[in-house]
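Colleague: Let us go through this model together. I will ask, and you reason aloud.

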Amino acid sequence: MNGFPWISVLTFTPLVGGLTVIGMRAQRSNLARRLALLFSFLSFALAVLVWRNFDSSSTELQFVKRHTWVPSLGIEYFVGADGLSLLMILLSAVVVPMAMLASWRKEESAPLYYALILFLQAGLFGTFTALNFFHWFIFWELSLIPAFFLIRLWGGPQRSAAATQFFIYTMMGSIALLLSFLAIYQAVASFDFIRLGELGRSGELASALAVKLGWYDLTAKQLAFVIFAGAFLGFAVKVPVMPFHTWLPLAYAEAPSPVTMLLTGLMSKMGVYGFLRILLPIFPEQMRLVLTPLLWLAVLTIVFGAAAAFAQKDLKRTFAYSSINHLGYCLLGIFALARLTGNDARLATEKAAVYNGVLLQMFNHGLTAATVFCLLSFIERRSGGLRGLNDFGGVRKVAPVFCGLMGIALLSSLGLPGLNGFVGEFLIFKGVFPLAAWATALSTLGLLVTAVFILTVLQRVFNGPLNEKWSAFGDLTPGERAIVAPAIGLMFVFGIYPQLALGAVNATVVQLVAQLRF
């Protein structure tokens, strides 16, 4: 089955769907949304087939297709998937149709709206599977442009400022990333991520940079660090890492909630994926040089992200900062992986736990955060756009199903055992503790503050005396329940049986950890 171009078909299906839908007249909005949903379901079916045909016992890249594109510049069409790609492919295939269904009533320029979502999905699939920088960078940028227009055209009152800020920050990161890889190409004449990883781990990349570039009499280590810093900035803005996060709260708050589902559920994972796929393999020595500052940045992202979420009164801004906090756990794990451990088998096992935890956290946070913002969109629909923490009260009495499903999603975000959010965080903390005990201890403050603000949201919005203003607040309709039910079900599945995901990615993790014994 690996002879079939699964990855190419998966990537180009939403692109074809977007081109089909975007040409439709605005009056045919109903047909446009149905066609777009059909293409998203087709992409989901293809992602499931990729999962089923994936050999979880293999450490090799699978579904590989490699064709020369511009040989004089080392540019290839090079795609493939391993355990790292697999979970992100499935996450993208799950969240996009959820976001479409959550915005089903949108009438304004519907063909353009749904086409942009499909273009964004194509960018995501390409980002998670491309293995040549030039090819990968096209899809990296392809996801940025639709997201900008989705915020700018359909966002809230401050949508112009939010979209502009989002674009400037992410474009700044992309330019830094591009310059770094152009410098790398000048040194080694390769854009191949696999080859660059080998050169980075052996130290040949730093030597080649010094020989071929030699900027301002910088030593090989100093020059390699400058190139690393540019690549780091590109991914740090995307996650985001504090203090590169200031674009995020406004963008998440002003974007339509279904678009925020895509931003937090999928696009933020592009940055984390970049750290794992690109930065860690290519720049291991440079990450070790600043390991302590990087761990402090992770702790800052975790603790201050949670504290900022607790301080918010707008529910969308609360969960925007919560997203920063939860991705901080991924950063903590990734930076701890850079620690030099040699051939210590015990620490290699802990690194494997960390790596597995980061992959699960990426998937679980994407699923949970998208569900939370989906349910927030249902609240806005009933409240006429109100989403203040103190605007509600006692809603559980008139919308018990709504309260129950929202409670499950929020408790998953909190990390309640038995739900998906617990497993990834547990594995990260378990593995990071022997690698960086002080950072682990400080990061637990984020868990405490997260519990406080999530329980506060449940208390203020759903419990207490019923605010008479919301006596007619409707419970979830059968259609709305059907939108979130699959995600809620997956929260229990991956919480109770995480081996479903771990079994698929563990062979990849073991191989990657073996490469990290530098």
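Colleague: Where is the place of F492?

Modeller: This is a predicted model: local features need pLDDT of at least 70 and side-chain atom pairs count only at pLDDT 80 or more, while totals for chains, interfaces and linings use all residues. Residues are numbered from 1 along each chain as its sequence is written, and side-chain values use heavy atoms, leaving out hydrogens and water. Helices (H or I, at least four residues) and strands (E, at least two) are DSSP runs, numbered from the N terminus. F492 sits in helix α19.

Colleague: What is the relative accessible area of F492?

Modeller: Three classes apply: buried is under 20% relative accessible area, exposed is over 50%, and partly exposed is in between (1.4 Å probe, protein chains only). F492 is partly exposed, because its value is 36%.

Colleague: What area does the nonpolar surface patch with F492, V493, I496, Y497 and L500 have?

Modeller: Patches are made of residues with over 30% relative accessible area and no salt bridge; like charges are joined within 9 Å, and nonpolar side chains (Val, Leu, Ile, Met, Phe, Trp, Tyr) within 5 Å. Accessible areas come from the Shrake-Rupley method with a 1.4 Å probe, and for residues only the protein chains shown count as cover. Helix α19 (residues 478-496) gives the most to the patch, with 3 residues. The patch area is about 480 Å².

Colleague: How far apart are the end C-alpha atoms of helix α2?

Modeller: Helix α2 covers residues 29-53, which is 25 residues. The expected span is 1.5 Å times one less than the number of residues. The expected and modelled spans agree, because both come to 36 Å.

Colleague: What covers the buried residues of α2?

Modeller: The buried residues of α2 include S29, A32, R33, A36 and L37. Contact means heavy atoms within 4.5 Å. The cover includes α1 (6-22), β1 (62-70), α3 (83-102) and α4 (110-127).

Colleague: With the side chain of which residue does the side chain of S85 make a polar contact?

Modeller: S85 is in helix α3, and at 0% relative accessibility S85 is buried. Leaving aside neighbours within four places in sequence, S85 is in contact with G80, F128, Y273 and R277. A polar contact is a pair of N or O atoms within 3.5 Å; within protein, one must be able to donate a hydrogen and the other to accept it, and residues adjacent in sequence count only if both atoms are side-chain atoms. At 3.0 Å, the polar partner of the S85 side chain is the side chain of R277.

Colleague: What distance separates the C-alpha atoms of S85 and R277?

Modeller: Along the chain, S85 and R277 are 192 residues apart. Their C-alpha atoms are separated by 9.1 Å.

Colleague: What does the count of salt bridges come to?

Modeller: Side chains of opposite charge can pair when their charged atoms come close. A salt bridge is a side-chain nitrogen of Lys or Arg within 4 Å of a carboxyl oxygen of Asp or Glu. One network of salt bridges links R66, E76 and D192. By this rule, the count is 10.

Colleague: With which residue does E198 form a salt bridge?

Modeller: E198 is partly exposed at 39%. The partner is 3 residues away in helix α7 (residues 193-202), so about one helical turn separates the pair. With closest N and O atoms 3.7 Å apart, the partner is R195.

Colleague: The side chain of K430 meets which side chain in a salt bridge?

Modeller: The N to O distance is 3.0 Å, and the pair is K430 with E350. This pair links distant parts of the chain, 80 residues apart: K430 is in helix α17 (residues 420-432), E350 in helix α15 (residues 345-383). K430 is partly exposed at 38%. At 12%, the buried partner is E350.

Colleague: Is E480 buried or exposed?

Modeller: E480 forms a salt bridge with R381, with closest N and O atoms 3.1 Å apart. The pair links distant parts of the chain, with E480 in helix α19 and R381 in helix α15, 99 residues apart. R381 is partly exposed at 31%. At 4% relative accessibility, E480 is buried.

Colleague: Near what value is omega for the peptide bond from M242 to P243?

Modeller: Most residues other than glycine have a negative phi, and most peptide bonds are trans. The bond from V239 to P240 is cis, with omega near 0°. P243 lies in the loop between α9 and α10. The bond from M242 to P243 is also cis, with omega near 15°.

Colleague: About what phi does F63 have?

Modeller: F63 is in strand β1, and at 2% relative accessibility F63 counts as buried. F63 is not a glycine, yet its phi is positive, at about 60°.
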